[in-house]
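Open the model in your viewer and keep the selection tool at hand. We will go from one stop to the next.

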Amino acid sequence: MPEHRARGGTMSTPDEEREATGQGVHSPGSGDPSGPPATPEEQAHADVAVTADPAPAPISDTDSDEEITEKLKRQGVRLGKGSIAPAVFWPSLIIVLAFALFAIVFPQAADTALTGTQNWIVGNLGWFYQIVIAVFIVFAIFIAFSRFGNITLGKDGEKPEFGVFSWFAMLFAAGMGIGLVFYSVGEPLTFATSGPKPGWPGTETTAEGITSVIPGMEIDVAQLAMAQTFVHWGLHPWAAYAVIGLALAYAIHRRGRPVSIRWALEPIFGERVKGWIGDVVDVLAIFGTLFGIATSLGLGVQQISSGMMAMGVVDSASNALLVTLVVIITFLATASVVTGLGAGIRWLSNINLSMAGLLLISVLLLGPTLFLFQNFAQSLGVYFSEVLGMTLDAGAYTGDAGAAWASSWTIFYWGWWMAWAPFVGVFIARISRGRTVRQFIAGVLLVPTTVGFFWFSVIGGAGLYRQLFGAGDLVGEEGVVPEAALFDMLGGLPLGGILSVIAIILVAIFFITSSDSGSLVVDMLASGGHPNPPTWSRVMFALLEGLLAIGLLMSGGLTALQAGSLITALPFSVILLLMCWATFRSLNADQKRRDELERQARYEWFSEQLAEDFDDTLGYQVDSRIDSRIDYRLSRTTGAFDRSPQGSGAAPGSGTPQQTDERGRGLFGRRKRD
């Protein structure tokens, strides 16, 4: 007999035990008991509600930390002293800290190890990363258009926590990051000039593996460059985020589970997610989040230093300057952590979005406005025509040149997105309570993708215009320097100095908000899903992110940052694939239960209608089949001595007259109408 769990002074019912399989339960108190609805559809929606398992008690904002801890323990979360999960917290801390110190003390050895591992992954498993990302897109679109799309991430009929506009704004905030600023000009400009993708029409690759644009083909290659940038920053990363976000949102809001990656795999592993399997999953999620954040932080300080060089504040971007910037901004991020999520990241995010919008509108108005709108429309067309080939381009026919390009760009991005997925997934899951599955996927895929497309069309398009039709001074002898390309482009616009300052502040705020939010997510995972993890551990993880960023910068700069994300993404890509299967099982079981309850509602509705309204609905059809006429033929009239014994009944061959009781009711129990 399954063990029952206490909930609010009551014991869970057998229905509550179905939550491990993802099945819903009948929601008490739904429907109108005063009478049947007019149609079976209304009956199904009014009297039957497939909801989350009510057994796990909801985490109320009025609960104390101790009460929340007890609720987590009742769900199998193993917490130790300090409100941390020892089996997750200590392995994560020890391994990440050891790697960061190793990279700082032995940078050359760390660089060799990272580069060697990265080259092996790209050379042998690059195709796997391509297919995995494609699977995520197909899965997300399939779920959105399937019958599962109407399932609510919460109880059926529950209203969304946030309005549409606020929800879209937060998705936009999640989509914005240091990478969008860092690569906004540098990426499309590199693809169109000094570093095009090997195998593109209009390019040629030498025997030494150097790919260049054929003279006269710059415009054609520039269009492919914009489309490739859209592939890197559009549906593909957000499909990965949608996979983990949907799995977590379903587990958290519909099944009442804590915020922890392991619970997304409960439909596959069952009770085992409470043991070492769940611990391994959460540790890997912490690894991915920390390395993803460290990559963003490393890119951020590189761009800040380039901006300072462009403004004449410093002469060169030395390692000492980069480390100093990491220390300063990590200190600011730690201060934001200490002030709390509401007082810290909320107002920083508002400033962040406002400054990003200001920068975007300024470039649009001060730059070649008509060209930028044309670039947006034309790039969309090229993207739609090339997206399938670019998605599955594993470089089979481009040799070492293609592998080297992919390791620096596409494969790196796929690894970075998957490493970053736990952080973004937890965030978008938490803000999506009450949304349907279809609304969730549509919002997650379309809103950030559209914003990203327009961002690169404007910021990146301004750089392309300057290089192809303007001064042509953004590409030097060493090619495009991504961290400096943005400031070089802004410097050629009116008010360029002011815009450069805005860009530096924007990157710094992205740095702070990423560290603040990331440390909260990591700490929640290390605390078993506690919504208010201890401040000391949040501060520790914020410092650890900065230390890891320093280690990666010291051991190889951008190459080491790319390698770190790519390596940590490999095991987590398997977890994301398992999440696809687990989510499908949960949604399928949920939908089957919904269908069963709806069939029951239809049967009950029809039975009630048949019992109560039979004569009104079917009486005439039945009466018309009963011959109640009297035989008045002359042969029927007989003499006194020739009457048959059945004279009082029906004549042979006639129908049986309808019988009635003493109250005049028909055969089916209802009084016949006149």
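Which helices each supply at least two residues of the lining of the largest cavity? Select helix H3 (86-105) and helix H11 (276-310): each of them does so. H3 gives the largest share, three residues. Keep in mind throughout that this is a predicted model.

**The largest cavity**

Stay with this cavity. Its volume is about 110 Å³. Of the 15 residues that line the largest cavity, select the closest to its centre: Val-77, Arg-78, Arg-262, Asp-279 and Gly-528. Colour the lining by class and you should get seven nonpolar, three polar and five charged residues. The structure holds four cavities of 30 Å³ or more.

**The whole chain**

Now zoom out and show the chain as a cartoon. There are 22 helices and six strands. The chain has 674 residues, and 52% of them count as buried. Take the contacts between residues at least 6 apart in sequence: 79% of these join residues at least 24 apart.

**Helix H14**

Next, select residues 369-391, which form helix H14. Where is the kink in H14 centred? Go to Ser-385: the helix bends there by about 50°. Then show the buried residues of H14. They are Leu-372, Asn-375, Ser-379, Leu-380, Val-382, Tyr-383, Val-387, Met-390 and Thr-391.

**The second largest pocket**

Move on to the second largest pocket. About 490 Å³ of space lies in this pocket. Its lining has 23 residues. Select the ones nearest its centre: Thr-190, Gly-195, Ser-408, Trp-409 and Val-480. By class, the lining of this pocket has eleven nonpolar, ten polar and two charged residues.

Which helix gives the most to this lining? Helix H15 does, with four residues. Helix H18 (482-491) and helix H21 (558-612) also supply at least two residues each.

**Ser-407**

Last stop: select Ser-407, in helix H15 (residues 399-408). Is Ser-407 buried or exposed? Ser-407 counts as buried because its relative accessibility is 11%, and the cut-off for buried is under 20%. Display its side chain and look for the backbone oxygen of Ala-404, which the side chain reaches at 2.8 Å. Now look further along the sequence. Leaving out residues up to four places away, Ser-407 touches Gln-118, Val-122, Phe-412 and Gln-562. Select these four with Ser-407 to see the contacts together.

How values were computed. Residues are numbered from 1 along each chain as its sequence is written. This is a predicted model: local features need pLDDT of at least 70, side-chain atom pairs count only at pLDDT 80 or more; totals for chains, interfaces and linings use all residues. Side-chain values use heavy atoms; hydrogens and water are left out. Buried means under 20% relative accessible area, exposed over 50%, partly exposed in between (1.4 Å probe, protein chains only). A polar contact is a pair of N or O atoms within 3.5 Å; within protein, one must be able to donate a hydrogen and the other to accept it, and residues adjacent in sequence count only if both atoms are side-chain atoms. Contact means heavy atoms within 4.5 Å. On a 1 Å grid over the protein atoms alone, a cavity is a set of points where a 1.4 Å probe fits but cannot get out, and a pocket is an open set with protein on both sides within 12 Å along at least five of seven lines; lining residues have an atom within 4 Å of a point. Grid points are joined across faces, edges and corners, and a volume is the space filled by probe spheres set on the points. Ala, Val, Leu, Ile, Met, Phe, Trp, Tyr, Cys and Pro count as nonpolar, Asp, Glu, Lys and Arg as charged, and the others, Gly among them, as polar. The bend at a residue is the angle between axes fitted to the seven residues ending there and the seven starting there.
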